Amino acid sequence: LDAPLIEGILGLLMPCVNLVFFSFAGSSLALNALAASAHVSVLLFITRLASLMVGAGLGSKMAGCPPEYARIAWMGYVTQAGVALGLIKTAAAQHPEWGTEFSALTITVVICNTLVGPPLFKYAIVRMGEANMGGR
């Protein structure tokens with residue numbers, strides 16, 4: 001398959017996939033638990049970003065990547081949510097005594113990562129010169 005065909009197919013399918021993905025995630029979210037755990041969610045989100053920065057930076061340095069790539073390598077790892085939501089749902093179902101709060105907390109972190117990740121990833125691939133944007 002050629003790239004324009006794949007881009008066209010993805011462009012058509014992604015809005016539908018995202019609608020279903022976030023509908024399922026949001027439908028099981030308890031808003032009162034979300035409000036109670038918002039500050040912890042933000043702390044986990046920031047901690048995860050910092051961990052990605054350190055881990056990707058060290059890994060890039062050990063691999064001998066140029067410093068300008070090592071500084072932004074972490075950006076490609078922010079959006080990694082697919083399996084996380086399934087695991088969250090399973091854990092919440094198996095532990096009803098704390099599952100609702102856990103689910104709200106972790107889904108909030110996943111949503112933060114999903115919102116912040118794509119722009120960071122785009123910035124990283126453009127900055128590295130790997131984006132074939134056709135003059136854009």
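Here is a friendly question-and-answer session on how the terms used for this predicted model follow from its values.

User: What makes up the secondary structure of the protein, helices or strands?

Analyst: The protein has five helices and zero strands. Read from the N terminus on, the elements go α-α-α-α-α.

User: Why is S60 called buried?

Analyst: The relative accessibility of S60 is 9%, and buried means under 20%, so S60 counts as buried. You will find S60 in helix 2. Setting aside neighbours within four places in sequence, S60 is in contact with C65, A70 and A73.

User: What makes G76 partly exposed?

Analyst: Its relative accessible area is 25%. The partly exposed class lies between under 20% for buried and over 50% for exposed, so G76 with 25% belongs there. G76 sits in the loop between helix 3 (67-70) and helix 4 (82-94). Its C-alpha atom is 7.0 Å from that of L120, 44 residues away along the chain.

User: And why is L115 called exposed?

Analyst: L115 has a relative accessible area of 60%, and exposed means over 50%, so the label fits L115. L115 belongs to helix 5. From C-alpha to C-alpha, L115 and T79 are 8.0 Å apart in space, with their positions 36 residues apart in sequence.

User: How many residues does the largest nonpolar core have, and what makes it a core?

Analyst: The largest nonpolar core has eleven residues: F45, L49, L52, A56, I72, A73, W74, M75, V78, L120 and A124. Such a set is called a core because its residues are buried, of nonpolar kinds, and joined through side-chain atoms within 4.5 Å. Helix 2 (31-63) and helix 5 (99-127) are the elements that give two or more residues to this core. Helix 2 gives the most, with four residues. As general background, nonpolar side chains in soluble globular proteins tend to be buried together.

User: Which residues does F45 of that core touch, beyond those up to four places away in sequence?

Analyst: F45 touches V109, C112, N113 and V116.

User: What about G57, which residues does it touch with the same exclusion?

Analyst: G57 touches L52 and A70, leaving out residues up to four places away in sequence. G57 is in helix 2. The C-alpha atoms of G57 and A73 are separated by 6.8 Å, and the two residues are 16 apart along the chain.

User: Why is the W98 and F102 pair called edge-to-face?

Analyst: The ring centres of W98 and F102 are 5.4 Å apart, with 85° between the planes. Rings pair if their centres lie within 6.5 Å, and planes over 60 degrees apart count as edge-to-face, so the W98 and F102 pair meets both conditions. A search of the whole structure finds one aromatic pair.

User: Are those two residues buried or partly exposed?

Analyst: W98 is partly exposed, with a relative accessible area of 36%. F102 is partly exposed too, at 27% relative accessibility.

User: What makes I9 a candidate for a surface patch?

Analyst: Patch residues need over 30% relative accessible area, and I9 has 39%, so I9 passes that cut-off. I9 is in helix 1 (residues 3-27). Together with L5, I6, L10, L12, L13, M14 and V17, I9 makes a nonpolar surface patch of about 700 Å².

User: What share of the residues is buried, and what does the protein expose?

Analyst: Of the 136 residues in the protein, 27% are buried. The protein exposes about 9000 Å², and carbon and sulfur atoms supply 71% of that area.

User: How many of the contacts between residues at least 6 apart in sequence join residues at least 24 apart?

Analyst: Among those contacts, 77% join residues at least 24 apart.

Terms used:
Residues are numbered from 1 along each chain as its sequence is written. This is a predicted model: local features need pLDDT of at least 70, side-chain atom pairs count only at pLDDT 80 or more; totals for chains, interfaces and linings use all residues. Side-chain values use heavy atoms; hydrogens and water are left out. Buried means under 20% relative accessible area, exposed over 50%, partly exposed in between (1.4 Å probe, protein chains only). Contact means heavy atoms within 4.5 Å. Patches are made of residues with over 30% relative accessible area and no salt bridge: like charges are joined within 9 Å, nonpolar side chains (Val, Leu, Ile, Met, Phe, Trp, Tyr) within 5 Å. Accessible areas come from the Shrake-Rupley method with a 1.4 Å probe; for residues, only the protein chains shown count as cover. A salt bridge is a side-chain nitrogen of Lys or Arg within 4 Å of a carboxyl oxygen of Asp or Glu. Rings of Phe, Tyr and Trp (its six-membered ring) pair if their centres lie within 6.5 Å; planes under 30 degrees apart count as stacked, over 60 as edge-to-face and the rest as tilted.
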